[in-house]
Amino acid sequence: MREDDVVADPVDARLADRLAFRLAELRAERGWSLEELAERSGVSRSTLSRAERAETSPTAAVLNRLCAVYGRTMSRLLSEVETEPALLVRAAEQPVWEDRPAGFVRRSVSPPHAGLRGELVEGRLAAGADIAYDRPPVPGLEQHVWLLEGALEITAQDVEHHLAAGDCLRMRVWGPTRFRCPGPGGARYALAVVLP
């Protein structure tokens with residue numbers, strides 16, 4: 001069986017449908033056309049249209065741009081497509097979002113909640129994965145990156161940080177950031193995100 005032949009997990013398919021609906025809903029709440037959102041986000045109108053119709057899953061970079069426009073973290077946006085935030089989230093119930101072409105998997109370990117400012121995320125990057133974000137989803141976002149396995153290079157405010165397993169980088173994100181896994185194996189990290 002080829003990778004393209006794999007049937008999508010029904011839970012992932014439902015999450016993708018709800019995410020598409022929420023993206024369309026956020027745009028409608030602001031009264032923006034697709035053209036206006038494309039201008040604000042720097043994402044093409046066709047990509048936005050396909051994402052809102054669940055014809056494609058947005059990449060990490062596209063989702064980050066949309067989160068920035070809507071003033072949300074990625075975890076908060078993903079939590080908005082869930083029914084109600086729970087106090088305890090079992091490992092099997094934690095939302096997982098994947099950007100296969102980029103080699104990135106993101107698990108929302110602790111669900112964000114409107115009354116709380118912090119959240120915990122697990123990230124996995126395949127060897128050679130290189131993800132650049134042109135802006136933070138929320139300016140001044142506090143992030144703590146604790147590398148659990150592998151090696152990771154993070155660039156923030158034009159400074160490159162080389163992390164080995166066990167290292168932790170704390171930063172406030174004001175501008176572009178880049179996460180790169182130099183290999184030879186993949187990288188797994190915990191990301192604590194705190195809203196300003």
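A search of the whole structure, which is a predicted model, turns up 4 aromatic pairs. Let's start the tour with a couple of those.

**Stop 1: Tyr133 and Phe179.** Select these two and show their side chains. The ring centres sit 6.3 Å apart and the planes make an angle of 80°, so this pair is edge-to-face; the cut-off for that label is over 60 degrees. Now colour by secondary structure: Tyr133 belongs to strand E4 (residues 130-133), while Phe179 belongs to strand E9 (residues 177-180). That makes it a link between distant parts of the chain, with the partners 46 residues apart. Switch on a surface and ask yourself: is Tyr133 buried or exposed? Tyr133 counts as buried, at 13% relative accessibility. Phe179 is buried too, with a relative accessible area of 5%.

**Stop 2: add Tyr189.** Keep Phe179 selected and bring in Tyr189. Here the ring centres are 5.8 Å apart and the planes are at 35°, so the pair is tilted. It falls between the stacked limit of under 30 degrees and the edge-to-face limit of over 60. Phe179 in strand E9 and Tyr189 in strand E10 (residues 187-194) are 10 residues apart, and this pair also links distant parts of the chain. Tyr189 has 4% relative accessibility, so it counts as buried. Put the three side chains on screen together: Tyr133, Phe179 and Tyr189 make up one aromatic cluster.

**Stop 3: Arg30 and Trp32.** Jump to a different kind of ring contact. Select Arg30 and Trp32, and you'll find the arginine over the face of the tryptophan, at 5.8 Å from the ring centre.

**Stop 4: helices H2 and H3.** Select residues 34-41 for H2 and 45-52 for H3, and look at how the helices cross. Their axes come within 9 Å, with a crossing angle of roughly 115°, so H2 and H3 count as roughly perpendicular. Which hand does the crossing have? For H2 and H3 it is right-handed. To see what touches what, show side chains for Leu34, Glu35, Leu37, Ala38 and Ser41 on the H2 side; these meet Arg45, Leu48, Ser49 and Glu52 of H3.

**Stop 5: helices H2 and H4.** Leave H2 on and swap H3 for H4, residues 60-70. The axes of H2 and H4 come within 9 Å and cross at roughly 100°, so these two helices are roughly perpendicular as well. On H2, pick Leu37, Arg40 and Ser41; their partners in H4 are Arg65, Leu66, Val69 and Tyr70. Leu37 and Ser41 are worth labelling, as they appear in the contacts with H3 and in those with H4.

Technical notes. Residues numbered from 1 in each chain as written. Predicted model: local features only at pLDDT ≥ 70, side-chain atom pairs only at ≥ 80, totals over all residues. Heavy atoms only, no water. Phe/Tyr/Trp six-rings, centres within 6.5 Å; stacked < 30°, edge-to-face > 60°. Helix = DSSP H or I, 4+ residues; strand = E, 2+ residues; numbered from the N terminus. Buried < 20%, exposed > 50% of the residue type's maximum accessible area, 1.4 Å probe, protein only. Lys NZ or Arg CZ within 6 Å of the ring centre and 35° of its normal. Axes fitted to C-alpha atoms, helices over the stretch in contact; angles between N-to-C directions. Parallel < 35°, antiparallel > 145°, perpendicular 65-115°, else oblique. Left-handed = near helix turned anticlockwise from the far one by under 90°. Contact = heavy atoms within 4.5 Å.
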